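Me: Could you walk me through how to read the helices and the chain contact here?
Reply: Gladly; let's take one feature at a time.

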Amino acid sequence: MDAIGFKFILFMITALVVIVSSVLMATRKNPIHSALWMIVTFFAMAIIYLLLNAQFIAVAQVMVYAGAIMMLILFVIMMVNMDKGNEEETTKASWSLGKKMAAALLMVILLVELLFGALFYRMTARVGDYPADAVAAAGNAKTVGALLYGQYLFPFEVASILLLIGIVGAVVIAKRNK
Amino acid sequence: MELWYFILEVVLKNLVVISILMLFVAYLTLAERKFLGYLQVRLGPNRVGTWGLLQPIADGIKSFVKEDIIPNNADKPVYVIAPMISFVAALSMFAVIPFGQSVTLFGREIKLVIADVDIGILYIFAMGTLGEYGIVLGGWSSGNKYAILGALRAAAQMISYEVALGLIVIGTIILSGSLRLTEIVEAQRNVWFIVYQPFAFLLYIVAALAEINRTPFDMPASESELACGFNIEYSSMKFALFMIAEYAHLVTVAALTTTLFLGGWLGPVLPGPVWFILKTCGMIFIFIWIRGTYPRMRYDHIMKFGWKFLFPAALANVVITAFIVALR
């Protein structure tokens with residue numbers, strides 16, 4: 001078996017895992033189980049990044065999303081919802097007609113987009129600016145770093161200022177209660 | 001054919017590393033009990049074999065044959081998976097740590113590291129955070145109030161100390177200019193990074209102890225108040241898996257400290273792997289020594305220390321290192 005075939009099989013498996021685990025995440029009643037399936041989704045996504053030769057992004061995905069952010073979410077769920085098992089009362093009553101309609105509408109939009117994408121965007125054989133060999137030669141983290149601090153410096157700085165605002169906001173809200 | 005040789009090489013390296021790691025873990029439990037015993041002026045285990053040398057085997061057999069209990073109000077699938085997560089994460093962390101220079105065997109150049117990846121150090125942190133899920137989920141799924149408290153503490157402690165840990169390591173990354181662990185070791189050929197970064201070395205030991213939940217930061221499992229915390233309901237092999245994961249994580253952290261600050265496998269006369277194992281054992285001894293010396297910290301003190309001292313200190317270390325490297 002050659003490397004391409006092996007990668008294709010791996011991709012199919014991970015893609016299936018992503019889809020199944022995200023469906024499971026949306027349908028679980030227990031919020032902790034939802035969070036767990038979300039971790040599985042993130043992890044499988046990281047494997048897809050790896051298959052695309054984006055090692056840095058893959059590990060950042062596991063560290064930041066599957067690691068830190070999901071840990072925070074789990075922590076909050078555990079704090080708020082200490083006794084598991086009585087979450088069924090809220091689920092049925094809160095599904096009003098309006099919410100159902102909105103969900104159906106979103107679903108239709110998503111399907112149309114999928115169809116549109118599949119029909120009108122063809123895969124081209126054009127090689128992008130950062131093919132796998134070039135990235136591997138320069139070093140994966142180096143390429144990402146050079147892009148972040150070169151071409152995309154402004155969006156990067158704006159994003160960090162946004163995060164700073166978030167931190168300051170959190171401190172303000174935490175201090176107000178005292 | 002080349003592909004098959006490659007696969008064979010990877011499988012063999014994995015087997016060798018995992019067996020050595022498991023042997024290390026088994027005898028680390030004995031060494032820890034022995035050293036702690038001497039530090040506390042008692043003898044430690046000395047009944048099974050001379051000097052207690054068969055104690056790890058006896059412990060292994062004991063955990064195999066004990067009854068496996070799953071509590072009634074446990075979340076069964078999560079309860080079963082949690083120790084496995086811990087175990088797998090702790091074992092897979094070691095994959096990127098280099099334990100020697102490449103050797104030539106049967107006409108093939110073999111690197112003495114399982115996976116020499118470009119982002120090695122980030123991979124270790126990623127696996128470390130995944131390992132923490134085992135503790136948090138194990139505590140939560142047990143359906144026991146002490147276990148849940150342990151899990152909450154583990155989660156909060158991990159969030160707090162992971163940030164500082166990542167920042168501390170950035171100093172060595174700036175000095176070596178690479179995230180690849182083999183290159184970090186190569187960059188220390190003349191001077192070990194502990195000379196350039198003595199402050200970061202101390203901070204790293206503190207943050208690493210908190211990361212692997214050891215005394216004085218063993219809040220998730222503090223025996224005296226939580227009656228062993230997150231693993232209170234676990235028995236038999238599941239408990240053993242948690243223990244093995246904890247000690248494998250300890251060995252990995254010691255090996256990583258060696259790699260980052262003590263020049264990894266580099267050293268005169270003796271071959272690389274020997275130096276690597278010697279330095280790692282030294283680090284492990286320091287960790288045991290710390291456990292025998294310091295009492296457990298109070299929980300709010302740990303949080304205050306993590307956010308108000310460790311985090312700013314790590315940040316200052318990054319800024320100063322970057323400044324000096326930029327001036328050079």
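Me: How far should the 32 residues of H5(B) span?
Reply: In this predicted model, a rise of 1.5 Å a residue means that H5(B) should span 46 Å, and its end C-alpha atoms are indeed 46 Å apart.

Me: Where is the kink in H5(B) centred?
Reply: The kink, of about 25°, is centred on B:Tyr161. Just past the helix, B:Gly177 takes a positive phi of about 70°.

Me: How many residues of H5(B) are buried?
Reply: A residue counts as buried if 20 or more other C-beta atoms lie within 10 Å of its own. By that cut-off 23 of the 32 residues of H5(B) are buried, and the helix is mostly covered.

Me: And what about H5(A), residues 97–120 of chain A?
Reply: Try the length check again: its 24 residues should span 34 Å at 1.5 Å a residue, which agrees with end C-alpha atoms 34 Å apart. For burial, the number of buried residues in H5(A) is zero, so this helix lies largely in the open.

Me: How many residues does each chain give to the contact?
Reply: In general, the size of an interface is often given as the accessible area lost when the parts come together. Here we can count residues: chain B gives 21 and chain A gives 19. On the side of chain B that touches chain A, helices H4 (120–141) and H5 (145–176) each give two or more residues. The largest share, nine residues, comes from H4(B).

Me: Which classes make up that side of chain B?
Reply: It has 17 nonpolar, one polar and three charged residues.

Note on methods. Residues are numbered from 1 along each chain as its sequence is written. Chains are lettered from A and ligands numbered from 1 in the order in which they are written. This is a predicted model: local features need pLDDT of at least 70, side-chain atom pairs count only at pLDDT 80 or more; totals for chains, interfaces and linings use all residues. Two residues are in contact if their C-beta atoms, placed from the backbone, lie within 7 Å. Helices (H or I, at least four residues) and strands (E, at least two) are DSSP runs, numbered from the N terminus. Ala, Val, Leu, Ile, Met, Phe, Trp, Tyr, Cys and Pro count as nonpolar, Asp, Glu, Lys and Arg as charged, and the others, Gly among them, as polar. The expected span of a helix is 1.5 Å times one less than its number of residues. A residue is buried if 20 or more other C-beta atoms lie within 10 Å of its own, exposed if 12 or fewer, and partly exposed in between; C-beta atoms are placed from the backbone. The bend at a residue is the angle between axes fitted to the seven residues ending there and the seven starting there.
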